Amino acid sequence: MIVVKICRYLLLIVLFTLSPAIGFAQYQYGIVADIDNHLVAITADFSGQDVLIFGAIQGAGDVVVVIRGPLSEVAVNRKGRVAGIWANVETVDFKDVPSLYGLASSRPLYEIMPPEVLDRYQLGVGRIKPTLASGDPSQERLFAAELVKRKRDLGLYADRVGQVVFVGPTLFRANLRLPSNVPTGTFMIDTLLVADGRIVAAQNMPLVISKVGFGADIYRFANAPYAALRFAYGVLAVLAALAIGWTGHLVSRRR
Amino acid sequence: MTGYFVDWILGFQLYLPIAEMTVPIVLLLGLGALVGFLSGLFGVGGGFLMTPLLILMGVPPTVAVATQSNQIVATSVSGVLAHWTRGNVDGAMGIALLAGGSAGSGVGVALFSLLRHVGQIDVVINIAYVVMLGAIGIMMTIESIHALRRVKIAAAAPEALRRRWIQRLPWKMRFRKSRLYISVWVPIGIGFFVGVLSSLLGVGGAFMLVPAMIYIVGMPTMVVVGTSLFQIIFVAAISTILHSVENRAVDVMLALVLTVGSVFGVQFGSRTGAKLPAEQLRFLLALLILCVAAGLLYISVARPESLFDITIVDSR
């Protein structure tokens, strides 16, 4: 009886001493983050905007912030000469392509993570691998590379949209620059805590970017999902044209 | 000093919601005024000049074509009203042309949509314009050089043959205003052909309609302009509505600002045109058309900056 009791106590003591290694070790790292504004309204004279990401970490490490725009299907066209004229000769479609990609980190990525880990999470513009939707599979790599290159030239994919700065040992902030041609929709911002070459904690948050104003309303009207609405838009456009034309007629007659 | 002023005036930018680009308002008004001036000067529509100019300016070809249909409605109102009040419109002929034109417009928009889907619309529009403007430009240059040199061109014999073939077509109808007894299928066919081209290329079609009505149908010149305007304005309106439903490419802001500029331009254009001899004007117009055609040809055959481009696939 006493032997059983001693064994039970011994087991408890062993578990207690070992528990930091098993249980508490999981709570050594953590990250919380937020953004200054979850909604960015684009007006007609929009020329780019900064958003502020801030947060705190638990445990020591580096912080990486990744912003990805809404996903869309993108067709990559290759031009070729057909009877002397340049036309699209081959198309490869990719799906789930982020419309914007931006990165910010406290230290350069190659310093804090090995290439295999960077590849696995597609961290960095050069490591983005779009998914093939349709087209010649043998051309996939070439067309994917051209897709990324084009997005980069447009300013939509950038390896450094800001810098993560530590204010003290746990508090960090990052100013991310959104370009003037930023797409609209729901963006995902991932804040990652990196230690020992691994991602040990993460938090993600949404950011909604939408156009506001008269121009945006016209766009929504013209691109309405219902054909009846687009019909109404067409009719109104014709009526507006008739009105202006008639006004012009009156003005010219009075001269 | 002038640089500062130019900078300020170019600062008034307008965002075009469908074309998705921002341009200085002054530029659009100027473009509208320029084309309006030319159309007042030469008495032509201007659609076939405006669309290529918009494309050269950077507006996506699909938006340029669809928006032009909208603008043509606006710029044709004045002419239609003027001719209608003077009684220069053959209503019956107009309706027949319109019947063909509506069908043609539908086919044109469907064709446009199909080409967009296949991804070849830009090339087709460019090449069609090069061919069309090139042919018209060359014909006009030859004709106006002959007119300047006062050489008469004999064209009576082939016309007579054409007339006989046309007289054999069925379903003849009396068109009182034009004093013609001719098959309904003639105006319907012409209207259809012009309708397809109008909606596909964003032109009014006057430069095709007017010669066709004079030479193929045989209408008296007085009734031709009014009746053709009647067809043009209706087909342009139908094309606008169909384009906005099918292709979502009508930029009403662009169309209206261009029209405002055009109204002013037409005033100056027609006043200047009255002072210059007609043959010289035709020659200048022919040269202008050839220049625009050459510009578009260059775009089509010159090696593009990048062999690759990307388009977002609409999930709708």
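**Exercise 1. State how much space the largest cavity holds, and work out which residues and helices enclose it.**

Solution. The largest cavity holds about 40 Å³ of space, in a model that is predicted. To find its walls, begin with the residues that line this largest cavity, which are S69(B), I72(B), S198(B), V203(B), G204(B), I232(B), V235(B), A236(B) and S239(B). Next, place these residues on the elements of chain B: α4 (61-85) and α10 (221-246) each give at least two residues to the lining of the largest cavity, and the largest share, 4 residues, belongs to α10(B). Finally, sort the lining of the largest cavity by class, which yields 5 nonpolar residues and 4 polar residues, with no charged residues.

**Exercise 2. Describe the second largest cavity in the same steps, starting from its volume.**

Solution. The volume of the second largest cavity is about 30 Å³. Its lining is made up of G45(B), G46(B), G47(B), F48(B), V203(B), G204(B), G205(B), A206(B) and F207(B). Two or more residues of this lining come from each of α3 (47-57) and α9 (206-217) of chain B. Sorted by class, the lining of the second largest cavity has 4 nonpolar and 5 polar residues, and no charged residues.

**Exercise 3. How many cavities of 30 Å³ or more are counted, and which residues, V203(B) being one of them, should be looked up in the lining of each?**

Solution. The count comes to 2 cavities of 30 Å³ or more. Reading the two linings side by side, V203(B) and G204(B) appear in the lining of the largest cavity, and V203(B) and G204(B) also appear in the lining of the second largest cavity.

Notes: Residues numbered from 1 in each chain as written. Chains lettered and ligands numbered in written order. Predicted model: local features only at pLDDT ≥ 70, side-chain atom pairs only at ≥ 80, totals over all residues. Heavy atoms only, no water. 1 Å grid on protein atoms, 1.4 Å probe; cavity = no way out; pocket = protein on both sides within 12 Å on 5 of 7 lines; lining within 4 Å. Points joined across faces, edges and corners; volume = space filled by probe spheres on them. Nonpolar A, V, L, I, M, F, W, Y, C, P; charged D, E, K, R; others polar.
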